Amino acid sequence: MSWALVPAAGSGRRFGGGIPKQYLHAVGKPLIQHALEALLAHPDIEGVVVALAEGDHRWPGWTWLCGKPVLTCVGGAERADSVLAAVQALPEAVEADTLLLVHDAARPNLHRNDIDRLLAAAHLCADGAILAAPVRDTLKRGDGEGHIVATAPRDGLWRALTPQAFCRDLLQLALGAAQDDGIAVTDEAMAVERLGRHPQLVEGREDNIKVTTPADLALVEFLISRNL
């Protein structure tokens, strides 16, 4: 069995009256509820730990969803701090080799088959695995004034998605090392890469989008409603 971790403590980009984006609604539910239910509906995920901002008055107080435990802890200023706090808040019974899936609270359109494929890859690769999408657009490098400097090659480039899956001991070691070195890693894979490890890329659905703008919110509402 696996556990999921959801960092929801960072302020991130806000819109919609200054509401943290994970609490914006799509199809009648906050984005974070869609994300949690997608994770907990999977039979191989035993429970979830959500890292919240201190004094988060918008958290609905869930302790169970989909018949599985929802634990909470206080996160930190950076994503990595929140994920590390969530790892440390796991029940003692969660062993060192248990796979942990770290997922963004504002990615509500996660599909079961992507979780299936991610778990399968992570079980085969000791360095873990992440959902990702190949870069398909032409990339331009700009200067400080908004002019094109060069066209950047896109060969071998991927966009990192979530969930990202790693064994508990590896994830804790990697995040702790980054914290000790004063490095602000932007995702869990970056922390693991710093240890000289090479997580597996698993191509995921490109509609697993992270809501950062009003246009994103409108799109995920359409995507979720289409699947009802």
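User: Leaving aside its neighbours within four places in sequence, which residues is leucine 110 in contact with?
Analyst: In this predicted model, leucine 110 sits in the loop between strand S7 (99-102) and helix H3 (112-124). With a relative accessibility of 9%, leucine 110 counts as buried, because buried means under 20% relative accessible area. Once neighbours within four places in sequence are set aside, its contacts are Ala38, Leu39, His103, Ile115, Leu131, Thr162, Pro163 and Asn208.

User: How many Å separate the C-alpha atoms of leucine 110 and arginine 205?
Analyst: Leucine 110 and arginine 205 are 95 residues apart along the chain. In space, the separation between their C-alpha atoms is 8.4 Å.

User: What is the omega of the peptide bond from threonine 162 to proline 163?
Analyst: Thr162 and Pro163 are both among the contacts of leucine 110, and proline 163 belongs to strand S11 (residues 158-167). The peptide bond that runs from threonine 162 to proline 163 is cis, and its omega is near 10°.

User: Which residues of H1 are buried?
Analyst: Helix H1 covers residues 31-40, and 10 of its 10 residues are buried, so the helix is largely enclosed by the rest of the structure. Those buried residues are Leu31, Ile32, Gln33, His34, Ala35, Leu36, Glu37, Ala38, Leu39 and Leu40.

User: Is glutamate 188 buried or exposed?
Analyst: Glutamate 188 is placed in helix H5, which spans residues 188-193. Not counting residues up to four places away in sequence, glutamate 188 touches Arg79, Val83, Val102, Gln164, Phe166 and Leu171. Its relative accessibility is 1%, and therefore glutamate 188 counts as buried.

User: How many Å apart in space are lysine 21 and alanine 120, C-alpha to C-alpha?
Analyst: Lysine 21 lies in the loop between strand S1 (2-8) and strand S2 (25-26), and with a relative accessible area of 11% this lysine is buried. Along the sequence, lysine 21 and alanine 120 are 99 residues apart, while in space their C-alpha to C-alpha distance is 31 Å.

User: Which residues form an aromatic pair that is edge-to-face?
Analyst: A search of the whole structure finds one aromatic pair. Its ring centres are 5.2 Å apart and there are 85° between the planes, which makes the arrangement edge-to-face because planes over 60 degrees apart count as such. Both partners are buried, and they are tryptophan 59 and tryptophan 62.

User: Is cysteine 66 buried, partly exposed or exposed?
Analyst: Cysteine 66 lies in the loop between strand S5 (64-65) and strand S6 (68-74), and its phi is near 55°, a positive value in a residue other than glycine. The relative accessibility of cysteine 66 is 43%, so this residue counts as partly exposed.

User: What is the phi of valine 27?
Analyst: Valine 27 is located in the loop between S2 and strand S3 (29-30), and at 27% relative accessibility this valine counts as partly exposed. Valine 27 is a residue other than glycine with a positive phi, whose value is near 50°.

User: What radius of gyration does the protein chain have?
Analyst: The secondary structure of the protein chain comes to six helices and 12 strands, and its C-alpha atoms fill a box of roughly 50 × 40 × 35 Å along the principal axes. A compact globule with 228 residues would have a radius of gyration near 17 Å, and the value for the protein chain agrees, because it is 17 Å.

Conventions:
Residues are numbered from 1 along each chain as its sequence is written. This is a predicted model: local features need pLDDT of at least 70, side-chain atom pairs count only at pLDDT 80 or more; totals for chains, interfaces and linings use all residues. Side-chain values use heavy atoms; hydrogens and water are left out. Helices (H or I, at least four residues) and strands (E, at least two) are DSSP runs, numbered from the N terminus. Buried means under 20% relative accessible area, exposed over 50%, partly exposed in between (1.4 Å probe, protein chains only). Contact means heavy atoms within 4.5 Å. Rings of Phe, Tyr and Trp (its six-membered ring) pair if their centres lie within 6.5 Å; planes under 30 degrees apart count as stacked, over 60 as edge-to-face and the rest as tilted. The radius of gyration is taken over C-alpha atoms; the globule rule is 2.2 Å times the number of residues to the power 0.38.
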